[in-house]
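User: I should like to request a close look at a single part of a protein model. Please explain the surroundings of that part in connected prose, at a level suited to a first-year student.

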Amino acid sequence: MDVSKSWSRSLSLEANLTQQRLQRYGWEILPHPAHSPDLAPSDFHLFGPLKRHLGGMAFETEGDLISELRNWFDNLDVDFFRVGINSLLSRWQKCIDLHGDYVEK
């Protein structure tokens, strides 16, 4: 069995189901670049603080790294996530105002 073809069919089926759901609920799909780091909370809000936290650390095992990541996530205040999600509205508006160009350069 060709795994890549099976994977591709699976992704295509999932994409079709998603499109059907969006149409059923009447949700508008906003166009944007395929990868928009300025519109993805993980890119604009999460990775910077995580990189600063891990900076200079060295891990002997993958388990040590996983343990540190779990500890970091467990100790984040709920407001950290709220701020990231709430900033999406202004970022989308900036993207619209810039006619789809990146918000931050």
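Leaving aside its neighbours within four places in sequence, which residues is Phe80 in contact with?

Analyst: The model is a predicted one. Once neighbours within four places in sequence are set aside, Phe80 is in contact with His45, Leu46, Pro49 and Trp72. To place these contacts, it helps to begin with the chain as a whole. The chain holds four helices and zero strands, and its pattern along the sequence reads α-α-α-α. It has 105 residues, of which 17% count as buried. Among contacts with a separation of 6 or more, 55% join residues that lie 24 or more positions apart.

Two of the residues in contact with Phe80 appear again in the nonpolar core. The largest such core has five residues, namely Leu46, Leu50, Trp72, Leu76 and Phe80. Thus Leu46 and Trp72 are contacts of Phe80 and also members of this core along with Phe80 itself.

Phe80 has a second role, among the aromatic residues. One aromatic cluster is formed by Trp72, Phe73, Phe80 and Phe81. A pair of aromatic rings is described by the distance of the centres and the angle of the planes. The structure has four aromatic pairs. One of them joins Trp72 and Phe73, with the ring centres 5.1 Å apart and an angle of 75° between the planes, an edge-to-face arrangement. The label follows because planes over 60 degrees apart count as edge-to-face. The two partners differ in their exposure: Trp72 is buried, at a relative accessible area of 11%, whereas Phe73 is partly exposed, at 34%. The reason is that the limit for buried is under 20%.

The sequence around Phe80 also contains a charged pair. Side chains of opposite charge can pair when their charged atoms come close. The structure holds one salt bridge, and it links Asp79 with Arg82, whose closest N and O atoms are 3.2 Å apart. Both residues belong to helix H4, which covers residues 78-97; because they are three residues apart there, about one helical turn separates them. Asp79 is partly exposed, with a relative accessibility of 39%, and Arg82 is likewise partly exposed, with 43%.

Glu68 offers a contrast to this charged pair. Glu68 lies in helix H3, which spans residues 62-74. Although buried, Glu68 has no salt bridge, and the nearest side chain of opposite charge, that of Arg70, is 12 Å away. Apart from neighbours within four places in sequence, the contacts of Glu68 are His53, Leu54, Met57 and Phe59.

Two further details come from elsewhere in the chain. The charged end of Arg24 sits over the ring of Tyr25, at 5.1 Å from the ring centre. Leu30 is found in the loop between helix H1 (3-25) and helix H2 (41-54), and Leu30 counts as partly exposed, at 34% relative accessibility. Although Leu30 and Ile96 are 66 residues apart along the chain, their C-alpha atoms are separated by 9.5 Å.

To return to the part in question, Phe80 belongs to the largest nonpolar core and to an aromatic cluster, and Trp72 is one of its contacts.

Notes. Residues are numbered from 1 along each chain as its sequence is written. This is a predicted model: local features need pLDDT of at least 70, side-chain atom pairs count only at pLDDT 80 or more; totals for chains, interfaces and linings use all residues. Side-chain values use heavy atoms; hydrogens and water are left out. Rings of Phe, Tyr and Trp (its six-membered ring) pair if their centres lie within 6.5 Å; planes under 30 degrees apart count as stacked, over 60 as edge-to-face and the rest as tilted. Buried means under 20% relative accessible area, exposed over 50%, partly exposed in between (1.4 Å probe, protein chains only). A charge sits over a ring if NZ of Lys or CZ of Arg is within 6 Å of the ring centre and within 35 degrees of the ring normal. Helices (H or I, at least four residues) and strands (E, at least two) are DSSP runs, numbered from the N terminus. Lys and Arg count as positive and Asp and Glu as negative; His and the chain ends are not counted. A salt bridge is a side-chain nitrogen of Lys or Arg within 4 Å of a carboxyl oxygen of Asp or Glu. Contact means heavy atoms within 4.5 Å. A nonpolar core is a set of buried Ala, Val, Leu, Ile, Met, Phe, Trp, Tyr and Cys residues joined through side-chain atoms within 4.5 Å.
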